[in-house]
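The following report examines one protein chain through selected residues, its principal pocket and the annotated spans of its sequence.

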Amino acid sequence: MDFLTSTTHMHITTWVIALILFFIAALSGKKMKAVHMILRVMYILVIVTGLSLFLEWRDKISESGMNYDMKVLFGILVIGFMEMVLVRKNKGKSVNMFWVLFGIVLLITLYLGLSMGIGVNF
Ligand code: HEM
């Protein structure tokens, strides 16, 4: 499926929308159930578009094999910590630790994505 793998646009679109929905839900004073539900659909699209890029490009980009695997791992961790922040916030539990972990894995994920093979490459 060329539209998923010929550029990184689909992947970028899905995770940008996911981040926006996450910040709306996380920073609002209310529970934002509908936003959280749409965000969970976006998680699936982020994973589908990311895995498509991974399967297409991993073996074609020789210098970044291990980094490619790490990108997938950290991408999934970002999603995991977004979910932890929202679920704990809705239960009234403390979320500070998970905000910090979310921030760290997000920065690592952005660095790995932007420093590798295809798409934008610094
Ligand atoms: C919210 C989570 C995520 C963020 C913020 C994110 C961010 C990024 C960024 C910034 C890029 C570089 C795009 C470009 O260079 O044009 C990228 C590429 C990529 N992402 Fe993600 N991603 C996330 C989740 C995932 C997941 C879950 C997977 C796999 C299941 C994944 C797999 C990939 C792959 C394989 C690439 C291509 C790397 C390359 O050669 O440039 N990402 N992502």
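A polar contact is a pair of N or O atoms within 3.5 Å; within protein, one atom must be able to donate a hydrogen and the other to accept it. The coordinates discussed here are those of a predicted model.

## T49 and its contact with H11

By the criterion above, the side chains of T49 and H11 form a polar contact, at 3.0 Å. T49 belongs to helix α3, which covers residues 33-57. Its relative accessibility is 4%, so T49 counts as buried, the cut-off for that class being under 20%.

Leaving aside residues up to four places away in sequence, T49 touches L4, M10, H11 and T14. H11 thus appears in this list of neighbours and is also the partner of T49 in the polar contact.

## The largest pocket

The largest pocket has a volume of about 620 Å³. Its lining consists of 30 residues, and those nearest the centre are H11, W15, K71, T109 and G113. H11, the polar partner of T49, is therefore one of the residues nearest the pocket centre, as a comparison of the two lists shows.

Four helices each contribute at least two residues to the lining: α2 (9-27), α3, α4 (65-91) and α5 (96-114). The largest share comes from α4, which supplies eight residues. By residue class, the lining of the largest pocket comprises 21 nonpolar residues, eight polar residues and one charged residue.

## Annotated transmembrane spans

An unreviewed UniProt entry places the feature "transmembrane region" at residues 12-29, 41-58, 70-87 and 99-120. Two of these spans are described here in terms of the model.

Residues 12-29 are 89% helix and 0% strand, with the end C-alpha atoms 28 Å apart. For residues 70-87, the helix content is 100% and the strand content 0%, and the end C-alpha atoms are separated by 25 Å.

## Helix α2: T13 and F22

T13 is situated in helix α2. Its relative accessibility of 42% means that T13 counts as partly exposed. The side chain of T13 reaches the backbone oxygen of H9 at a distance of 2.6 Å. T13 and L45 are 32 residues apart in sequence, and their C-alpha atoms lie 9.7 Å apart in space.

F22 is also placed in helix α2. With a relative accessibility of 0%, F22 counts as buried. Beyond residues up to four places away in sequence, F22 touches L39, M82, V85, L86, W99 and F102. The C-alpha atoms of F22 and F81 are 11 Å apart, although 59 residues separate the two along the chain.

## The α2-α3 loop and the start of α3

M32 occupies the loop between α2 and α3. Its phi is near 50°, a positive value in a residue other than glycine. Most residues other than glycine have a negative phi. M32 counts as partly exposed, because its relative accessibility is 27%.

V35 lies in helix α3. Its relative accessible area is 16%, and V35 is therefore buried. Residues up to four places away in sequence being excluded, V35 touches L21, I24 and A25. The C-alpha atoms of V35 and S115 are separated by 31 Å, the two residues being 80 apart along the chain.

## D69 and its contact with R58

D69 is found in helix α4. It is partly exposed, with a relative accessible area of 28%. The side chains of D69 and R58 are joined by a polar contact of 2.7 Å.

Apart from residues up to four places away in sequence, D69 touches F54 and R58. The C-alpha atoms of D69 and A25 lie 30 Å apart, with their positions 44 residues apart along the chain.

Notes
Residues numbered from 1 in each chain as written. Predicted model: local features only at pLDDT ≥ 70, side-chain atom pairs only at ≥ 80, totals over all residues. Heavy atoms only, no water. Buried < 20%, exposed > 50% of the residue type's maximum accessible area, 1.4 Å probe, protein only. Contact = heavy atoms within 4.5 Å. 1 Å grid on protein atoms, 1.4 Å probe; cavity = no way out; pocket = protein on both sides within 12 Å on 5 of 7 lines; lining within 4 Å. Points joined across faces, edges and corners; volume = space filled by probe spheres on them. Nonpolar A, V, L, I, M, F, W, Y, C, P; charged D, E, K, R; others polar. UniProt positions renumbered as here; feature names shortened; annotations may be inferred.
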